[in-house]
Amino acid sequence: MKALFRYFSSIFSAFKSLWTGMRLTFYYLSHPKTILTQQYPENRKTLYIPEAFKGEVVLIHDENNEHGCTACRMCEMTCPNGTIKITSITEETEDGKKKKILDEWIYNLGMCTFCAQCIEACPQNAIKMQNTFEHSVYDRKELIKKLNHPGSKLKSTKKI
Amino acid sequence: MEIPKQLIPLEDTPGEFVINVGPQHPSTHGVLHLRIKLDGEKILEIEPHLGYIHRGIEKISESLGYRQSIYLTSRMDYLSAHMNNQACSLLVEKGLQIEVPDRAKAIRILMVELQRLASHQLWWGSAGLDMGAVSPFFFAFREREQILEIFEETCGTRLTMNYITPGGVMNDLHPDFVKKVKALIKQFKVNIHEYDKLLTGNIIFQKRTQNVGFLPRDLAISLGASGPVARASGISCDIRKLHPYDGYEKLDFSEIVMDKGDSFTRYLVRIEEMKQSMHIIDQLIDNIPEGDYRARVKGIIRLPEGEYYQRVETARGELGVFVVSDGNKTPYRIKYRTPNFSNLGALQYIAKDSKIGDLVAIMATLDLIIPDIDR
Amino acid sequence: MILMIGFKDITLWIHQMLSGYLNPGWVVASEALLVGLAMILLVVIMAVAMIYMERKVAGFMQLRLGPMRVGLWGSMQAFADVLKLLLKECLTPNGADKLLFSLAPFVVLTVSFLALAPFSFAPGLQLWDLNIGVLYISAVSSIGVIGILMAGWSSNNKYSLLGGMRSGAQIVSYELSAGLSIIAIVIMCGSLSIHDIILSQSDGWWIFKGHLPAMFAFVVFVIASTAELNRAPFDLAEAEQELTAGFHTEYSGMQFAMFFLAEYTNMFIVSMVGTTVFLGGWMPFHIVGFEAFNHLMDYVPSFIWFFGKTFFILFLIMWFRWTFPRMRIDQLLKLEWKYLLPLSIINIVIAAFITIMGWHF
């Protein structure tokens with residue numbers, strides 16, 4: 001008798017446990033407001049990308065098309081993947097001193113792991129991470145970017 | 001414990017046949033390859049084959065600096081990226097004898113516990129998925145997504161953060177951090193009951209996991225299992241309690257130890273751990289000390305000559321970092337003792353003599369992350 | 001009143017028109033062709049509707065929207081999928097039994113179509129009023145397992161073989177309780193003919209008329225038929241996480257689509273059986289004593305009643321699928337042999353007793 005009772009009570013508790021789950025899924029089925037899906041290309045305008053999002057490295061240019069990179073190559077040395085290649089040319093200033101000037105700031109987005117150690121390493125705070133994220137291109141070569149704008153030059157910083 | 005010496009042959013024998021589960025298989029969560037000898041549905045022998053995602057992180061680290069190696073550790077156990085970074089950072093701090101500011105410590109614990117929550121949520125979802133219930137996966141992702149958004153705001157990335165660095169953390173908290181975490185914890189305390197409704201209390205799930213995949217205490221110790229897997233077998237092994245770091249000693253939380261050792265116990269341990277993680281976050285979220293978020297550390301780190309070991313509790317168990325330094329800017333030798341490698345060892349003993357369906361359930365509750373096994 | 005015309009008049013009109021032009025032999029042949037086309041059309045439309053419903057139900061239960069891209073609210077998604085499958089190559093694995101491999105999807109699909117014959121969709125809209133209709137359906141639908149076994153065996157894939165074997169064990173056992181649960185109603189009704197079963201429910205559906213045994217039989221029927229359909233929580237034959245795709249692992253393109261279509265056709269058939277036997281077929285919902293309400297219900301066309309009830313059972317089956325985890329093979333067989341079968345046998349005894357005593361309405 002006891003075994004029979006256990007047999008039927010096990011069936012009953014099984015159904016109860018299944019019904020709890022079914023009630024939950026039905027709740028969400030009948031409450032479409034709980035839907036979390038974001039319709040990505042449509043909601044591009046309202047999409048919230050945090051300022052801190054590490055999308056790609058950019059060289060900061062001000063309104064005079066001047067950047068802060070002194071071509072010290074700290075970022076290139078810090079980068080664990082060899083993402084950054086900096087070439088510099090040596091110019092002579094008016095008072096005869098030789099000075100290194102940035103020629104090309106090459107950034108290979110395809111190799112970047114977004115660890116942001118180049119930004120940490122930069123003594124001039126000349127580079128930053130930008131929160132752009134739509135990086136897909138048809139050709140891998142397009143991911144190799146030259147970050148200094150054409151015609152840009154070093155920010156004239158006064159020694160304090 | 002008997003160590004199987006002979007590998008399972010590829011050929012079938014009468015009455016037995018050999019199947020390869022993985023490296024491309026829906027339930028292996030990555031590129032784990034299991035060679036299984038079957039008698040009908042029953043598993044006679046099981047043999048994990050590793051190395052499909054071996055990237056040589058330990059070897060690469062020997063040629064990279066300490067700072068550069070830390071970012072690689074996020075790629076080992078990608079669901080415990082913060083913990084991996086923390087382990088390396090703690091080791092460097094130990095070597096250089098840097099005092100981490102209190103604020104940084106608090107931020108670290110908050111981030112790490114959020115990460116533990118996110119990891120266990122993903123595990124819960126995929127455990128349901130492995131047993132054929134698709135819906136839990138999405139319910140788990142609802143909260144996990146919020147945690148990832150919190151990470152995104154502060155750390156800049158969602159999965160491989162590289163946020164915890166030697167000396168503290170990379171950047172300060174986002175102004176909305178406290179508000180968002182509070183809202184998340186408040187919501188999750190309600191929503192965790194849905195976990196019980198969908199899986200924990202479900203009769204099918206219970207029957208699938210109870211009395212399946214017993215990991216006895218002795219075996220767990222001799223295999224070096226750690227984390228929830230070992231704690232479900234009655235071993236107290238929470239590094240946060242045993243060797244506190246980053247101020248865990250000041251916090252009130254309990255280590256979840258259960259002693260039945262089957263799949264369902266491993267499941268319960270993780271569910272309870274989520275509640276404990278929320279408890280830890282509750283204590284800290286209103287009391288983040290003011291001050292610096294990072295102590296000054298030189299750009300190029302040189303550890304003094306010697307050997308260093310640091311362990312942390314990741315979402316899956318004990319992660320140990322062992323470094324031999326010869327005083328240069330790169331480590332002479334680095335070795336990660338990863339939790340998943342040891343936990344995987346249990347699979348071939350506990351899944352023996354069970355059904356194929358059980359194998360999937362056991363793998364789900366072992367919560368294996370394959371890149372962490374291969375490194 | 002277009003509704004007053006009824007399907008009987010339409011079929012009669014078609015028959016008379018054809019008889020006017022052709023000799024009797026050709027009339028039968030052309031009518032068979034028409035009926036076949038109509039059935040294929042019905043199944044395809046239903047399959048498309050069911051696939052769309054399934055994906056939307058799944059999406060909404062999982063906090064998602066489901067398909068949204070193709071057509072308005074993703075309504076053309078199923079057509080896009082079919083188009084994709086049509087364009088794909090049907091691969092045959094090396095070492096497969098080529099004949100059986102390509103025959104299997106046809107067997108499975110043909111069997112599902114065969115079982116459509118005796119259904120009555122609306123008054124007068126019935127292909128074949130077979131006097132053993134219910135028996136015919138349960139007999140024919142069990143041939144489907146041969147196709148699944150063929151697919152599993154001939155693929156030369158161990159996963160497929162395991163899936164086929166699981167499916168065999170499962171369908172053979174669950175056939176019993178699905179059959180027994182229908183038998184409970186057949187006892188009360190006293191006829192195996194689909195038409196008679198529906199007519200006997202004009203004063204109330206069997207699920208209400210038959211007291212507890214009928215309700216219990218309905219629950220058993222839904223569980224057993226879900227298992228027969230190889231759907232979650234009984235989808236062991238194609239258990240994705242265990243056997244990648246089970247018996248149809250090696251199938252691609254249109255051959256896979258045929259398995260898929262057969263699965264949905266079977267779902268449709270099972271729901272129609274449930275509707276016919278338990279929920280009164282095309283009979284409207286009546287409450288004894290509320291004449292005004294009953295008249296209102298009569299105005300709803302009978303085929304809407306039929307398909308509405310069918311979709312209700314379809315929804316139940318989908319609801320199970322998107323809520324529960326999968327069972328293990330031994331638990332699956334345990335559920336059948338230790339719970340469903342003994343309880344159904346007891347249920348039949350009770351049903352027979354009730355019928356003899358005349359306690360049902």
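A salt bridge here means a side-chain nitrogen of Lys or Arg within 4 Å of a carboxyl oxygen of Asp or Glu. Everything below comes from a predicted model.

**View 1. Two salt bridges link chain C and chain B.** One of them pairs B:Glu41 with C:Arg166, whose closest N and O atoms sit 2.5 Å apart. On the chain C side, helix H7 (158–189), helix H11 (240–243) and H15 each give two or more residues to the surface touching chain B. That side is a mix of eleven nonpolar, five polar and eight charged residues. Ten residue pairs are in polar contact between these chains, both partners at pLDDT 80 or more.

**View 2. The wider C–B contact draws on 24 residues of chain C and 36 of chain B.** Together the two chains bury about 2,600 Å², with 62% of it on carbon and sulfur atoms. Look for C:Lys158, C:Gln241 and C:Arg328: this trio supplies 25% of what chain C buries against chain B, more than any other three residues.

**View 3. Chain C meets chain A through 20 of its own residues and 22 from chain A.** About 1,800 Å² gets buried here, and carbon and sulfur atoms give 74% of that. C:Phe60, C:Leu63 and C:Trp319 account for 33% of chain C's share, more than any other three residues.

**View 4. A single salt bridge joins chain C and chain A.** The partners are A:Glu42 and C:Arg69, with 2.7 Å between the closest N and O atoms. Helices H2, H10, H14 and H15 of chain C each put two or more residues on this side, and H15(C) gives the largest share, four residues. By class, the side has 16 nonpolar residues, one polar and three charged.

Note on methods:
Residues are numbered from 1 along each chain as its sequence is written. Chains are lettered from A and ligands numbered from 1 in the order in which they are written. This is a predicted model: local features need pLDDT of at least 70, side-chain atom pairs count only at pLDDT 80 or more; totals for chains, interfaces and linings use all residues. Side-chain values use heavy atoms; hydrogens and water are left out. Contact means heavy atoms within 4.5 Å. Buried area is the accessible area (1.4 Å probe) that two parts lose on being put together, summed over both. Ala, Val, Leu, Ile, Met, Phe, Trp, Tyr, Cys and Pro count as nonpolar, Asp, Glu, Lys and Arg as charged, and the others, Gly among them, as polar. A polar contact is a pair of N or O atoms within 3.5 Å; within protein, one must be able to donate a hydrogen and the other to accept it, and residues adjacent in sequence count only if both atoms are side-chain atoms.
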